[in-house]
Amino acid sequence: MKRIALITYDISPYRGSESSVSWNFVTRMSEKVHITVYYGNHKDEVEKYLSQQPLKNVDWVNIAPKSTTRTGAAGLLQYISNYKKWHKQVYQAIREQATQGKIDLIHYLNPIGFKEPGYCWKIKEIPYVWGPIACVENRPLPLYKAYSLKGKYNAFARRIAHNALFVLMPRLKKALRNTDTVFAATPTGVRMLKKHYHRDAIYLPENGIPTMERMQPISYDGNQPLNIIWIGRVNDQDKALIILLDSLAKVKSANYHLHIVGPGILSDKMNDRINSMSGQTTFHGKIDRDHVQQLLLNSHLHVITSLGEATTTVLFEAMAKAVPTMTLDHCGMAGVVCDKCGIKIPISGYNKVTTRISTEIESLIEHPARINELSTGVLACSKRFMWDNRISLFTETYDRLINEYRSKR
């Protein structure tokens, strides 16, 4: 059985986002290979789970990161320094195992950001895989109206800084040059790696669908309100809830019910838009995960208005329930959602985007059979993004690289 060293800063059976990505990877890949997991956070949660349900073919090496004790800019700098030191410790631990012939391949899985490439690419004896990684997803300039003045400044500063870092970081250049296979989390990432580093990357979203929770398409006849759900941090301007609210304020029909789910407090501007909307709105706030999943299961349409990220996990949670998604046509969502399984809104001027969203929602209300058609499309398209397919791709990559290295010896 092949022996893989997996690098992941966060992993947990009880959390979402990147922690769940790593956990899904380990639980499924351990059926194919032997994994040694080098991880940082959530040791207590991992050990709690393993005390009740041990995993075969998995060894766990916890390298605890130093805590961030400062706040503000000083805290950010301290976190960056501690995270870099953590990677150096991981490198030392894995290098020792690799030189002793105890590892066949290294895979740096998480976090997906490019700004910390780690150090294990320096180990020449065995193959090195990195990703899926997220490169730079610029917030679209035509939609800066969604930001406050401070938000505009931060988005623009981020745009300059992140693009400069991606192109100029010496260690990133070295890491990519010494990586055997790179996975990119978004179509933009594939293009950027090719343009700036002449690297061919394999497109693979950072997350996937563990299991399908609904096997039949949604049946919606329009006799009840169209249940629309938005999930995210309400006050996070990058999530841009205001875009959806501005769009629904233009919808004339009252035959919809918007469910807003996530932590935060609705701003005065958001409440003004809600008060001007024809349909009903329920703000659920921060609720437990099971409640969120039930609301999603009862929804007819899931909406993503994020201005910049890789591929949000909630997209795959919606697909698992055969719920179609409406999203801006960018970031990782552009690579997952197609016309058969959802609705992609072209990036243009702010008013054009909100008008297009409102028009699409009015069309769904007037032609409810479209929900059934899109839900049927979700069931068909979801096969591409099942975790089993991801594991097959990783396994094939591992086998190819390990065999190539062995043939050179």
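Modeller: Helices here are DSSP runs of H or I with at least four residues, strands are E runs of at least two, and both are numbered from the N terminus. The model is predicted.

Biologist: Where is histidine 42 found?
Modeller: Strand β2 covers 34-41. Helix α2 covers 43-52. Histidine 42 is therefore outside both runs. Its place is the loop between β2 and α2.

Biologist: What is the phi of histidine 42?
Modeller: Histidine 42 is not a glycine. Its phi is positive all the same, at about 70 degrees.

Biologist: Is asparagine 57 buried, partly exposed or exposed?
Modeller: Asparagine 57 sits in the loop between α2 and β3 (58-62). This residue also has a positive phi, about 65 degrees, without being a glycine. Buried needs under 20% relative accessible area, and exposed needs over 50%. At 30%, asparagine 57 is therefore partly exposed.

Biologist: Is aspartate 104 buried or exposed?
Modeller: Aspartate 104 is in the loop between α3 (72-99) and β4 (105-110). Its relative accessibility is 9%. The cut-off for burial is under 20%, so aspartate 104 counts as buried.

Biologist: Which side chain makes a polar contact with the side chain of aspartate 104?
Modeller: Beyond four places in sequence, aspartate 104 touches several residues, including Met1, Lys2, Ile126 and Ile402. A polar contact needs an N or O pair within 3.5 Å. One side-chain pair is at 3.4 Å, and the partner is arginine 406.

Biologist: Which residue does a cis peptide bond join to asparagine 110?
Modeller: Omega is about -5 degrees at this bond. The partner lies in the loop between β4 and β5 (128-133). The residue is proline 111.

Biologist: What is omega at the bond that joins glycine 131 and proline 132?
Modeller: Proline 132 lies in strand β5. The peptide bond from glycine 131 is cis. Omega there is about 10 degrees.

Biologist: What is the radius of gyration of the protein?
Modeller: The C-alpha trace spans about 70 × 45 × 40 Å along its principal axes. With 409 residues, a compact globule would come near 22 Å. The protein agrees, because its own value is 22 Å.

Biologist: How many of the contacts with a separation of 6 or more do residues 24 or more positions apart account for?
Modeller: The fold has 14 helices and 13 strands. Buried residues make up 54% of the 409. Among contacts with a separation of 6 or more, the share from residues 24 or more positions apart is 70%.

Conventions:
Residues are numbered from 1 along each chain as its sequence is written. This is a predicted model: local features need pLDDT of at least 70, side-chain atom pairs count only at pLDDT 80 or more; totals for chains, interfaces and linings use all residues. Side-chain values use heavy atoms; hydrogens and water are left out. The radius of gyration is taken over C-alpha atoms; the globule rule is 2.2 Å times the number of residues to the power 0.38. Buried means under 20% relative accessible area, exposed over 50%, partly exposed in between (1.4 Å probe, protein chains only). Contact means heavy atoms within 4.5 Å. A polar contact is a pair of N or O atoms within 3.5 Å; within protein, one must be able to donate a hydrogen and the other to accept it, and residues adjacent in sequence count only if both atoms are side-chain atoms.
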